[in-house]
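Hi,

Here is the structure I promised to pass on. Have a look at it first, and then read my notes below.

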Amino acid sequence: MRSRLLASLGFALVLGIAPLAAMAQALQPLDRIVAVVNEDAIMQSELDQRIDQARRQLQQRGIEAPSERSLRDQVLERMIVEEIQLQMAREANLSVDDTELNRTVRGIAEQNGMSLDQFADTLEADGMSLAAMREDVRREMLIRQIQQRRVASRINISEREVDRYLQQGGTDASYHLAQILVALPQSPSTAQVEAARDKIERLRREVEQGADFAAVAAAESDGSQALNGGDLGVRSAGEIPTIFADTVPNLSVGEVSQPIRSPSGFHLVKLLDRQGGQSVSGEAQRDQVRNTLFQRKANDELEAWIQEIRAGAYIDNRLTGNG
C-alpha cells in the first residue's frame, strides 16, 4: 500500500543585487564552506538565506526565535539532513518531471488563494523568485520520493493487526500535536541517557513555569519540526506515532505530557486541539483501518530514519568543516 508522506515545502530566499555591484562585491567577505556532506558543500551564503527564512517563518507563526547560535545549529542540521536525502535520491535515479512540478506549484498558489501570476507577484514583492521557489519545491518533492521509497518499503499491515485495531474500538478522532524531542544516539551510554533525561525534565519545568512550548521547541528540540515550533500537524488516531498512542487520547487540550522514552530519545508531546471521536464504521472500514495503521507505522519509521541520518552525519564523519 502506498501512502503520501508529507514534507513541508520551503521557499528559498534570493539575495538582491545592489547598485554598484562590483564595488559591493569587493567589500563583501568571500563566501565560505560551512559543511561538507560527502562530496557536496553547504556555503555560508546558503545557510544565511535559510536562517533568514526560518526567522521570518517563526515570526509569522508568532514563535519567539531562539538565540542566533541555536537557530544556526537547527538550520544547518536540517540542511545537512536534506542534502543527505537528496544524494540518496540522485543515487536512486529519482526525478521530478516538469508537469508534476508545475501542478504542485499551482496547488501551492491555490492554497494561498491566488492565481499563479498573483503568487509570482507576491513572491517578488517579498524579495523571492518564482524560479528559485520552483527549485526548492523540486528538492522537497525529491526528498518526499526517497522517504516514500525507504520508509514505505519497510511497512506491512497484516489482517490480524486490522482485526486487533477494530476490536480495540479504533476511532476517527483527530489530534493537533506538537512535540519536543531530546535525541539519543543508537546504543546510548548510561551517562547519555541520564543527560537526555535531565534535559527533557528541565524543558518540561520551563514549560510548566510559563515558557512558550513552541519557542522552547524551536530553541531546544532535536525533532525535524523544531523550527515549526515542534508542530506535528493534525493527525488521525491512527497517524499518531505509536509511542504517543496511549498518552495523547488522555491529554486535555493545552496539556503537555510527562517525558516519553522511545528509541529516538525523550519526548514531550502537547495536545493543541482535538476533533471527532466516533467509532470507525462503514463498509470500507477495513481499508480505512489499513490506511490508518500504515500512516502510524510510516510516521514511526520516518522519524527513526531521519534520526539515523542525523546520527550518521556525525558518527560516520560525513559532516566536516561546520565551523
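**Salt bridges, and one buried histidine**

Let's start with a pair of charged residues: Arg139 and Glu82 make a salt bridge, and their closest N and O atoms are 4.0 Å apart. Arg139 belongs to helix H6 (residues 130-152) and Glu82 to helix H3 (residues 68-91), so this pair ties together parts that sit 57 residues apart in sequence. Are the two partners buried or exposed? Arg139 is partly exposed, because its relative accessible area is 30%. Glu82, at 10%, is buried, since the cut-off for buried is under 20%.

Keep in mind that this is a predicted model, so everything here is computed from predicted coordinates.

Now go to helix H8 (residues 190-208), where you'll find both Arg197 and Glu194, three residues apart, or about one turn of the helix. Their side chains meet in a salt bridge of 2.7 Å, N to O. Both ends are partly exposed: Arg197 has 30% relative accessibility and Glu194 has 37%.

Helix H8 also reaches out to another helix. Which residue does Lys199 pair with? The partner is Glu220, and the closest N and O atoms of this salt bridge are 3.5 Å apart. Lys199 is in helix H8 while Glu220 is in helix H9 (residues 213-220), so the bridge ties together parts 21 residues apart in sequence. Lys199 counts as partly exposed at 24% relative accessibility, and Glu220 is partly exposed with a relative accessible area of 24%. Elsewhere, Asp40, Glu83 and Arg90 are joined into one network by salt bridges that share partners. How many salt bridges turn up in the whole structure? The search finds 15.

Next, try clicking on His267 in strand S6 (residues 265-275). With a relative accessible area of 2%, His267 is buried. The side chain of His267 has a polar contact of 2.7 Å with the side chain of Ser262. Even without counting neighbours within four places in sequence, His267 touches a whole list of residues, including Gln179, Leu181, Ile200, Phe244 and Pro259.

Finally, the wider view. The protein has ten helices and seven strands, and 42% of its 323 residues count as buried. Among contacts with a separation of 6 or more, 77% are between residues 24 or more positions apart. The accessible surface comes to about 17400 Å², with 47% of that belonging to carbon and sulfur atoms.

Have fun exploring!

How values were computed
Residues are numbered from 1 along each chain as its sequence is written. This is a predicted model: local features need pLDDT of at least 70, side-chain atom pairs count only at pLDDT 80 or more; totals for chains, interfaces and linings use all residues. Side-chain values use heavy atoms; hydrogens and water are left out. Helices (H or I, at least four residues) and strands (E, at least two) are DSSP runs, numbered from the N terminus. Buried means under 20% relative accessible area, exposed over 50%, partly exposed in between (1.4 Å probe, protein chains only). Contact means heavy atoms within 4.5 Å. Accessible areas come from the Shrake-Rupley method with a 1.4 Å probe; for residues, only the protein chains shown count as cover. A polar contact is a pair of N or O atoms within 3.5 Å; within protein, one must be able to donate a hydrogen and the other to accept it, and residues adjacent in sequence count only if both atoms are side-chain atoms.
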